Amino acid sequence: VHIIHSLSPPFSQQSDNPHTRINMTAAAQPTVDGPIHHVVLFRLKDSVHDGEALSKMLQTVRKNVPGIVELHFGKDVTDMYTGKLDRSGCYTHSLESRHTSREALLAYIRHPDHIVLAKHFSAHKLGDT
């Protein structure tokens with residue numbers, strides 16, 4: 001599993017540089033003011049899609065977790081670009097979510113519905129990922 005976080009410009013203000021939304025505290029830890037993207041790359045078996053369980057879990061997370069703006073999950077499509085090398089790093093799936101704030105992302109990570117979803121992904125992982 002590989003996790004990436006990136007900042008987004010705030011919804012109410014257009015900005016050409018999302019990096020201007022990072023503030024450093026005295027301890028030099030970045031604090032995020034505004035929306036944040038959460039990207040997780042997985043190596044999963046195709047069985048992760050079996051039945052309607054995954055769809056229901058994703059819908060439940062979207063509905064029950066406050067602060068989620070978007071939530072997307074899908075299988076890597078390596079044949080989209082003819083003649084290009086596969087540089088997916090052997091990741092098979094990705095989950096991308098956007099949250100209203102850092103606090104909303106932290107609440108999502110701790111939310112019981114997210115934990116159920118994470119356990120589902122873990123049950124379908126490939127090899128030692």
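# Exercises on strand 6 and its partners

Strand 5 (residues 68–75) and strand 6 run antiparallel and are joined by seven bridges. The model studied here is predicted. The protein chain has an average pLDDT of 77, and 65% of the residues score at least 70. Over residues 10–30 the pLDDT stays under 50.

## Exercise 1: The partners of strand 6

Task: Determine in which sense strand 4 and strand 6 pair, and over how many bridges.

Solution.

Step 1. Strand 4 comprises residues 36–42, and strand 6 comprises residues 93–99.

Step 2. The two strands pair in the antiparallel sense, over seven bridges.

Step 3. Individual bridge partners illustrate this pairing. Ile36 has His99 of strand 6 as its bridge partner, while Leu41 has Ser94.

Step 4. On the side of strand 5, Ile68 stands opposite His99 in strand 6.

## Exercise 2: The two faces of strand 4

Task: State which side chains of strand 4 point to the buried face and which point to the other.

Solution.

Step 1. Recall the general pattern: in a regular strand, side chains alternate between the two faces of the sheet.

Step 2. Apply the pattern to strand 4. Ile36, His38, Val40 and Phe42 point to one face and are buried. His37, Val39 and Leu41 point to the other face and are not buried.

Step 3. Compare the covering of strand 6, where six of the seven residues are buried.

## Exercise 3: Ser97

Task: Decide whether Ser97 is buried or exposed, and describe its surroundings.

Solution.

Step 1. Ser97 is located in strand 6.

Step 2. Its relative accessible area is 0%. Because buried means under 20% relative accessible area, Ser97 is classed as buried.

Step 3. The side chain of Ser97 makes a polar contact of 2.7 Å with the side chain of His99.

Step 4. Beyond four places in sequence, Ser97 is in contact with Ile36, His37, His38, Glu70, Leu71 and Tyr108.

## Exercise 4: Glu96, a buried charge

Task: Establish which side chain of opposite charge is nearest to Glu96, and how far away it is.

Solution.

Step 1. Glu96 belongs to strand 6 and is buried.

Step 2. The nearest side chain of opposite charge is that of Arg98, 5.7 Å away.

Step 3. A salt bridge requires a nitrogen-to-oxygen distance within 4 Å. Glu96 has no salt bridge.

Step 4. The side chain of Glu96 does, however, form a polar contact of 2.7 Å with the side chain of His37.

Step 5. Among the residues that Glu96 touches beyond four places in sequence are His38, Val39, Glu70, Leu71 and His72.

## Exercise 5: The salt bridges

Task: Find how many salt bridges the model contains, and describe each pair.

Solution.

Step 1. The count comes to two salt bridges. In general, side chains of opposite charge can pair when their charged atoms come close.

Step 2. In one pair, the side chains of Lys75 and Asp46 meet at 2.7 Å, N to O. Lys75 lies in strand 5 and Asp46 in the loop between strand 4 and helix 1 (53–64), so the pair ties together parts 29 residues apart in sequence.

Step 3. Lys75 is partly exposed, at 44% relative accessibility, and Asp46 is partly exposed at 49%.

Step 4. In the other pair, the side chains of Arg98 and Glu70 meet at 2.9 Å, N to O. This pair links distant parts of the chain, with Arg98 in strand 6 and Glu70 in strand 5, 28 residues apart.

Step 5. Arg98 is buried, with a relative accessible area of 17%, whereas Glu70 is partly exposed at 29%.

Notes: Residues numbered from 1 in each chain as written. Predicted model: local features only at pLDDT ≥ 70, side-chain atom pairs only at ≥ 80, totals over all residues. Heavy atoms only, no water. Helix = DSSP H or I, 4+ residues; strand = E, 2+ residues; numbered from the N terminus. Buried < 20%, exposed > 50% of the residue type's maximum accessible area, 1.4 Å probe, protein only. Lys, Arg positive; Asp, Glu negative; His and termini not counted. Polar contact = N/O pair within 3.5 Å; in protein donor to acceptor, adjacent residues only side chain to side chain. Contact = heavy atoms within 4.5 Å. pLDDT = per-residue confidence, 0-100. Pairing = 2+ DSSP bridges.
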